[in-house]
Amino acid sequence: MTHSAVVNPYGEIARLLRGKHQFFASVLRVEDQRVLELFCATGEHCALLREVSAERERFYFGVDLDVDALAIAKEKGVIAVTSDVHHLPFENNSFDVVYCN
């Protein structure tokens, strides 16, 4: 089953965890501008992080293998890339924060 088949429940669960996103956004340093989420699926977590830290200019990147889910992530403003996390298409030290949810 792809993430596309469970988009609505996934997004609902992510929104229920809004307090977690507020906490995570609060511990990001001011200078953290490039954030990468591994296994981002539909980008719901990146989108929520952007919402709760809207006062900061940040760029949210996400990687996943599910192209259908990444299409949804792109609609949410996530810079979504199809990639295996073991072979990321980025140069070393490209991100200030990397996390896996």
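This passage walks through the fold, the packing and a few local features of a predicted model.

The overall layout comes first. The protein has four helices and four strands, and from the N terminus on these run α-α-β-α-β-α-β-β. Of its 101 residues, 39% are buried. Contacts reach far along the chain: among those between residues at least 6 apart in sequence, 73% join residues at least 24 apart.

Helix 3 (44-52) is a good place to start on the interior. Seven of its nine residues are buried, so helix 3 is largely enclosed by the rest of the structure. The buried set is made up of Glu-44, His-45, Cys-46, Ala-47, Leu-48, Leu-49 and Val-52. Two of these names, Cys-46 and Leu-49, turn up again in the largest nonpolar core. That core holds 14 residues, and the members that touch the most others are Val-35, Cys-46, Leu-49, Tyr-60, Val-78, Ala-80 and Tyr-99. Helix 3, helix 4 and strand 4 each supply at least two residues of this core, with helix 3 giving the most, at three. Cys-46 shows how such a residue is surrounded: setting aside neighbours within four places in sequence, Cys-46 is in contact with Glu-37, Tyr-60, Phe-61, Val-78 and Tyr-99. Apart from the largest core lies another, of five residues, which include Leu-36, Leu-38, Phe-61 and Phe-95. Phe-61, then, is a member of this other core while also being a contact of Cys-46.

Helix 4 (67-75) is a different sort of element to look at, with two faces to describe. Its buried residues are Ala-69, Leu-70 and Ala-73. They cover an arc of only 100° around the axis, which puts them on the same side of helix 4. This fits the usual geometry: an α-helix has 3.6 residues a turn, so residues three or four places apart point the same way. The buried residues of helix 4 pack against strand 2 and strand 3. On the other side of the helix, Val-67, Lys-74 and Glu-75 are exposed.

Both ends of helix 4 have something to show. At the N-terminal end, Asp-66 acts as a cap, with a side-chain oxygen 3.0 Å from the backbone nitrogen of Asp-68. The side chain of Asp-66 also reaches the backbone nitrogen of Ala-69, at 3.1 Å. Asp-66 itself sits in the loop between strand 2 (59-64) and helix 4. Asp-66 is buried yet has no salt bridge, and the nearest side chain of opposite charge, that of Lys-74, is 11 Å away. What the side chain of Asp-66 does have is the pair of backbone nitrogens, from Asp-68 and Ala-69. Past the other end, just after helix 4, Gly-77 takes a positive phi of about 90°.

Where, then, does charge pairing occur? Side chains of opposite charge can pair when their charged atoms come close. The structure holds one salt bridge, in which the side chains of Glu-44 and Lys-76 meet at 2.6 Å, N to O. The pair links distant parts of the chain, 32 residues apart: Glu-44 belongs to helix 3, and Lys-76 to the loop between helix 4 and strand 3. The two partners are not equally covered. Glu-44 is buried, with a relative accessible area of 9%, whereas Lys-76 is partly exposed, at 25%.

Finally, two backbone angles deserve a mention. Most residues other than glycine have a negative phi, but Ala-41 has a positive phi, near 55°. Asn-93 likewise has a positive phi, near 60°. Each lies in a loop: Ala-41 between strand 1 (34-38) and helix 3, and Asn-93 between strand 3 (79-82) and strand 4 (97-100). Are these residues buried or exposed? Ala-41, at 1% relative accessibility, counts as buried. Asn-93, with a relative accessible area of 79%, is exposed.

Methods: Residues are numbered from 1 along each chain as its sequence is written. This is a predicted model: local features need pLDDT of at least 70, side-chain atom pairs count only at pLDDT 80 or more; totals for chains, interfaces and linings use all residues. Side-chain values use heavy atoms; hydrogens and water are left out. Buried means under 20% relative accessible area, exposed over 50%, partly exposed in between (1.4 Å probe, protein chains only). Lys and Arg count as positive and Asp and Glu as negative; His and the chain ends are not counted. A salt bridge is a side-chain nitrogen of Lys or Arg within 4 Å of a carboxyl oxygen of Asp or Glu. A polar contact is a pair of N or O atoms within 3.5 Å; within protein, one must be able to donate a hydrogen and the other to accept it, and residues adjacent in sequence count only if both atoms are side-chain atoms. The arc is that of the directions from the helix axis to the C-beta atoms. Contact means heavy atoms within 4.5 Å. A nonpolar core is a set of buried Ala, Val, Leu, Ile, Met, Phe, Trp, Tyr and Cys residues joined through side-chain atoms within 4.5 Å.
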